[in-house]
Amino acid sequence: MSPHQRLGPREFEVAVGLPTGSLDERTKALLEKTPLLYSPLDEAAQTDARIKVAEDIDRGFTVVGEHRESIWRDAWQDHLDDFIRSGHALEALNPRFVGGTALLRWQGAYVEGVTERFELAFLEIFRDWLFRTYLADAAHLYEFGSGSAFNVAAYAKLYPRTSITALDWAPAAVKIADLLGEQHAMKIAGQRFDFFVPDSSFEFAPKSVVLTMCALEQVGDRFRPFVDFILAKRPQRVVHVEPMLELYDPELPHDALAIRYHRQRKYLSGLLPHLHSLEKAGSIRLLTVQRLKFGSRFHECFSVVAWEPV
Ligand SMILES: C[S@@+](CC[C@H](N)C(=O)[O-])C[C@H]1O[C@@H](n2cnc3c(N)ncnc32)[C@H](O)[C@@H]1O
């Protein structure tokens, strides 16, 4: 096994597409406080990892869609129960599916995370940077598919005066968001929302910013109702942090596996080409398309796509 390496400021800059030496002091301090340590894998271990990942994919995963509503309902009910039992501890909101595996994808290869729950530790630092970069000027933040509400809780800590609405189709997710308002005095409220059937009577507050994080992935190729809804309702900006099928390179074995996994689960596909065509038609302005080349063993959930209606 090779010695440990560290995902430090320079590596973070590469991942999020910043020029060398331009990372802000706060992110540098966060990377110092929680060192992100990993072990690179040699060629033999890369091959071994690819074989194991391929075997897991071949064994199959559940596919996204309406039939998974009850799965999410139960998953967030468990988190809601834990949250209440813990006396509303924010740590109880960390989803179990984030950071569970040590094998990670990093800059086109597999690495072994050394820092405990590496993916979660990375996510917390990345999310802090993302919020300050894209969501700082929101008068009202809406996270669609908010799940355990740990993202909006992190946002509320950073921007306690900004109103926040956390939307999800799972009732327990809505309840957790409401409890954050009631128990932590955060300006957060929950609301039911279904990506497949957006509420046509919904209105955004002025200067709204929309966030989706690993949530629109769940709609597969049925993103149109949500995008049409956004175009009709016109928030100021939209920021997706989602696995983006079109950003993988099918020629690379490492990426080909992520594509196979993504397709097997029927995750989000076609959104990016659709946004490009909307930009061509003059309906939106694309602000950022950035693949971090970081992910869990199967795929990369944190590609950033930001846009605004014109
Ligand atoms: C992988 S979780 C991500 C949750 C959260 N954004 C996060 O970063 O942990 C996907 C979320 O999308 C929600 N979801 C899936 N399909 C949905 C739909 N059709 N309408 C609304 N929410 C949906 C699920 O309930 C779940 O909360």
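Three exercises on a predicted model follow, each with a worked solution.

**Exercise 1. The disulfide**

Find which cysteines form the disulfide, place them in the chain, and decide whether each is buried or partly exposed.

*Solution.*

Step 1. Search the whole structure. The search returns 1 disulfide.

Step 2. Identify the partners. Cys-214 is joined to Cys-301, with an S to S distance of 2.4 Å. The cut-off is 2.5 Å, so the pair qualifies.

Step 3. Place the two residues. Cys-214 lies in the loop between β8 (208-213) and α8 (224-233). Cys-301 lies in the loop between β11 (294-296) and β12 (303-309). The two cysteines are 87 residues apart, and the pair links distant parts of the chain.

Step 4. Check accessibility. Buried means under 20% relative accessible area. Cys-301 has 9%, so Cys-301 is buried. Cys-214 has 24%, so Cys-214 is partly exposed.

**Exercise 2. The ligand site**

Locate the ligand, list the polar side-chain distances to it from Glu-143, Asp-168 and Asp-194, and state how much of its area the protein covers.

*Solution.*

Step 1. Find the residues around the ligand. There are 21 of them. Those that come nearest are Trp-76, Gly-145, Asp-168, Phe-195 and Met-213.

Step 2. Take the acidic side chains in turn. An N or O atom in the side chain of Glu-143 is 3.0 Å from a nitrogen atom of the ligand. For Asp-168, a polar side-chain atom lies 2.6 Å from a ligand oxygen atom. In the side chain of Asp-194, an N or O atom is 3.0 Å from a nitrogen atom of the ligand.

Step 3. Work out the cover. On its own, the ligand has 590 Å² of accessible area, and the protein covers 97% of this.

Step 4. Locate the site. The ligand sits in the largest pocket. Two elements give two or more residues to the shell around the ligand: α4 (69-85) and α6 (150-158).

**Exercise 3. His-240**

Determine which element holds His-240, whether the residue is buried or exposed, and which side chains make polar contacts with its side chain.

*Solution.*

Step 1. Assign the element. His-240 belongs to strand β9, residues 237-242.

Step 2. Apply the accessibility cut-off. Buried means under 20%. The relative accessible area of His-240 is 1%, so His-240 is buried.

Step 3. Look for side-chain partners. The side chain of Thr-212 makes a polar contact with that of His-240 at 2.9 Å. The side chain of Trp-307 also makes a polar contact with the His-240 side chain, at 3.0 Å.

Step 4. Combine the results. His-240 is a buried residue in β9, with side-chain polar contacts to Thr-212 and Trp-307.

Note on methods:
Residues numbered from 1 in each chain as written. Predicted model: local features only at pLDDT ≥ 70, side-chain atom pairs only at ≥ 80, totals over all residues. Heavy atoms only, no water. Helix = DSSP H or I, 4+ residues; strand = E, 2+ residues; numbered from the N terminus. Buried < 20%, exposed > 50% of the residue type's maximum accessible area, 1.4 Å probe, protein only. Near = heavy atom within 4 Å. Polar contact = N/O pair within 3.5 Å; in protein donor to acceptor, adjacent residues only side chain to side chain. Areas by Shrake-Rupley, 256 points an atom, 1.4 Å probe, with all protein chains shown as cover. 1 Å grid on protein atoms, 1.4 Å probe; cavity = no way out; pocket = protein on both sides within 12 Å on 5 of 7 lines; lining within 4 Å. Sits in = over half its atoms within 2 Å of the grid points.
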